[in-house]
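Please look at how strands are arranged in this structure and at what lies against them. The paragraphs below take one part at a time.

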Amino acid sequence: MPRTLRYFLEANSPGGCVSRFDQLGIPGSWRCWVVTGGSARLRARLMDQVGRAMAPLCGTVEEILSLEDPDRLTAAIFPGRQAAVADGELSGAILPRCPGGYQRPVSLWPCVRHQALWEARRELLRLEEARRGLARDAGGYLYAAGAMLGDLASAGAAALDRGKLRDYARRLARREFPSAPRGRGREQVRFLSALTGKGPVLLTGTAAALCPRVIAIEDGWGAASNALLEALRELALEAGLEVISCRCPLFPFTKLEHLLLPRLGLGIVTLNPSNAAALKGLAQRQIHATRFCDREQLRARRERSRFLRRGAAGMLEQAGALLAQREALGRELDSIYDAAVDTDRAEAAIAEIVAEAAG
């Protein structure tokens with residue numbers, strides 16, 4: 001049976017929707033189908049059928065979940081076949097790279113009755129405009145949450161003994177990472193968590209499937225865990241290990257949230273007040289981030305830290321409510337596009353792509 005791993009490759013961040021669909025494969029050796037046209041549900045059905053056909057041929061299938069509806073796919077990656085299929089009409093739309101040579105554009109627009117969409121144009125435009133407004137408003141709340149959590153992390157960083165932390169990282173790496181040099185390891189970037197149209201989602205099942213051993217870094221400030229994970233990431237790459245770097249969706253370019261080392265069956269995760277309930281049962285061992293900090297400095301900032309955490313939680317809750325409204329409008333939009341689809345032509349187009357991918 002193939003192993004199914006689930007991730008996100010997008011994040012709702014303070015700077016807007018961030019896409020990491022550059023991680024779909026390696027140009028020159030991989031092949032990727034980029035699907036446009038029709039509804040998000042129709043494109044997801046194509047990806048699901050490609051996945052069903054490819055699964056028996058692969059040891060591992062990576063399902064990439066939608067930010068709007070995490071029960072729906074936006075991509076599927078088949079490492080054993082060096083192939084992937086992706087929705088080309090995401091918030092961070094994919095522009096096919098080297099069309100035909102690496103990414104093949106696949107259009108489902110010929111399967112759509114365009115006159116039906118023309119007749120529904122006013123409703124389509126109304127829904128799209130409302131969705132843009134909700135995304136913009138949610139972004140404001142995410143920006144405020146990011147500012148508060150950034151302030152909290154800055155306070156934690158000011159109390160951090162970086163020399164002590166680096167020494168600990170080297171000791172942990174000597175104990176856990178193989179010493180034989182293999183050349184520099186390979187890194188993949190993923191999101192293991194996201195704020196979606198159906199609320200916050202943390203994909204603990206993926207961590208459990210890849211990593212029978214989990215070490216949790218308990219860190220309510222957000223600075224020491226990031227610094228320790230970045231140090232361990234670099235040491236793991238130096239040891240020639242495959243590294244899956246799971247970035248923080250609120251700080252997708254500057255903060256590492258979890259580190260997965262599949263060959264070692266080891267995961268090193270960040271445990272904080274927002275995910276403690278989901279992650280505590282996975283970890284066999286905990287590292288308390290305060291061991292690397294000046295505790296007097298942290299105590300002096302305790303009241304402010306509580307205010308910042310409460311404020312950020314409130315901002316994230318408001319952002320989540322707006323994203324849920326946006327997702328509901330997306331379902332209405334999809335219903336209009338679904339009603340305009342020529343089902344027979346769509347099924348024939350899907351069958352052709354499935355046969356080509358699995359051939």
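**Strands and the helices across them**

In this predicted model, strand S5, residues 60-65, is mostly covered, with 6 of its 6 residues buried. Buried here means a relative accessible area under 20%. The side chains of S5 point in two directions: Thr60, Glu62 and Ile64 go one way, Val61, Glu63 and Leu65 go the other way, and all are buried.

Next come the partners of S5. Strands of a sheet pair through backbone hydrogen bonds, and they do so either parallel or antiparallel. Strand S1, residues 3-7, runs parallel to S5 and is joined to S5 by 5 bridges. Within this pair, leucine 5 has glutamate 62 of S5 as its bridge partner. Strand S6, residues 73-78, pairs with S5 in the antiparallel sense over 4 bridges. Here glutamate 63 is matched with alanine 76 in S6.

Now turn to another set of strands. An open sheet of 6 strands follows the order S9-S13-S14-S15-S12-S16, and its pairing is mixed. Strands S9 (187-190) and S16 (285-288) are the edge strands, each pairing on one side only. From one strand to the next, the twist averages 20 degrees. One pairing in detail is that of S14, residues 256-261, with S15, residues 266-271: the two run antiparallel and are joined by 4 bridges. The bridge partner of histidine 258 in S15 is valine 269.

Which strands does helix H4 lie across? Helix H4, residues 162-176, lies across S12 (213-218), S15 and S16, and runs at about 165 degrees to S16. Helix H6, residues 224-238, lies across S9, S12, S13 (243-247), S14, S15 and S16. Its direction is at about 30 degrees to S14.

Note on methods:
Residues are numbered from 1 along each chain as its sequence is written. This is a predicted model: local features need pLDDT of at least 70, side-chain atom pairs count only at pLDDT 80 or more; totals for chains, interfaces and linings use all residues. Side-chain values use heavy atoms; hydrogens and water are left out. Buried means under 20% relative accessible area, exposed over 50%, partly exposed in between (1.4 Å probe, protein chains only). Two strands pair if DSSP finds at least two bridges between them. Axes are lines fitted to C-alpha atoms, for helices over the stretch in contact, and angles run from 0 to 180 degrees between N-to-C directions. Contact means heavy atoms within 4.5 Å.
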